Amino acid sequence: MNQFNAFLEIVLKFTDLKWGQVRDDLISKSIKVLRKYHEGKSPDELKNSKLIQGIEDFYERLYEIYKSNPDNVEKLNKALSSFIKAPVPCKLKIIGIFESLLE
């Protein structure tokens, strides 16, 4: 999986497109979990961690995303960090652009 597909999968997981609500806190946790995986942690090591609260159903998928392209995890984290800082209307436009480009 390339980092563009990974980015879109993560932001869509925590975005309600119908109501325009984005869970920046959970995207931020995803960034932190990806960093832990990059530092050598495994899903088993994070299983009982506070770090995965709220993303219990997704942290193992984040490991799969990390393992599919470990060299680009920093770029992915940087893109997710920029996404969090954008206002919601911009976030929705970014998602729309990514969806169009990846079709």
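Trainee: Which residues have the most contacts inside the largest nonpolar core?

Mentor: In this predicted model, the largest nonpolar core has 27 residues, and Ile 10, Ile 55, Leu 62 and Leu 80 have the most contacts inside it. Helices H1 (3-13), H2 (24-38), H4 (59-68) and H5 (73-85) are the elements that give two or more residues to this core. H2 gives the most, with six residues.

Trainee: With which residues is Ile 55 in contact, leaving aside its neighbours within four places in sequence?

Mentor: Ile 55 is then in contact with Phe 14, Leu 26, Lys 29, Ser 30, Val 33 and Leu 62.

Trainee: How should a pair of aromatic rings be described?

Mentor: Such a pair is described by the distance of the centres and the angle of the planes. Here the count comes to seven aromatic pairs. For Phe 14 and Phe 58, the ring centres are 5.5 Å apart and the planes stand at 90°, so this pair is edge-to-face. Phe 14 lies in the loop between H1 and strand E1 (15-16), and Phe 58 in the loop between helix H3 (43-46) and H4, so the pair ties together parts that are 44 residues apart in sequence.

Trainee: Is Phe 58 buried or exposed?

Mentor: Phe 58 is buried, with a relative accessible area of 5%. Phe 14 also counts as buried, at 6%.

Trainee: Which residues form the nonpolar patch on the surface?

Mentor: Phe 4, Ile 97, Leu 101 and Leu 102 form this patch, with about 400 Å² of accessible area together. Helix H6 (residues 88-102) gives the most to the patch, with three residues. Phe 4 also belongs to an aromatic cluster with Phe 7, Phe 83 and Phe 98.

Methods. Residues are numbered from 1 along each chain as its sequence is written. This is a predicted model: local features need pLDDT of at least 70, side-chain atom pairs count only at pLDDT 80 or more; totals for chains, interfaces and linings use all residues. Side-chain values use heavy atoms; hydrogens and water are left out. A nonpolar core is a set of buried Ala, Val, Leu, Ile, Met, Phe, Trp, Tyr and Cys residues joined through side-chain atoms within 4.5 Å. Buried means under 20% relative accessible area, exposed over 50%, partly exposed in between (1.4 Å probe, protein chains only). Helices (H or I, at least four residues) and strands (E, at least two) are DSSP runs, numbered from the N terminus. Contact means heavy atoms within 4.5 Å. Patches are made of residues with over 30% relative accessible area and no salt bridge: like charges are joined within 9 Å, nonpolar side chains (Val, Leu, Ile, Met, Phe, Trp, Tyr) within 5 Å. Accessible areas come from the Shrake-Rupley method with a 1.4 Å probe; for residues, only the protein chains shown count as cover. A salt bridge is a side-chain nitrogen of Lys or Arg within 4 Å of a carboxyl oxygen of Asp or Glu. Rings of Phe, Tyr and Trp (its six-membered ring) pair if their centres lie within 6.5 Å; planes under 30 degrees apart count as stacked, over 60 as edge-to-face and the rest as tilted.
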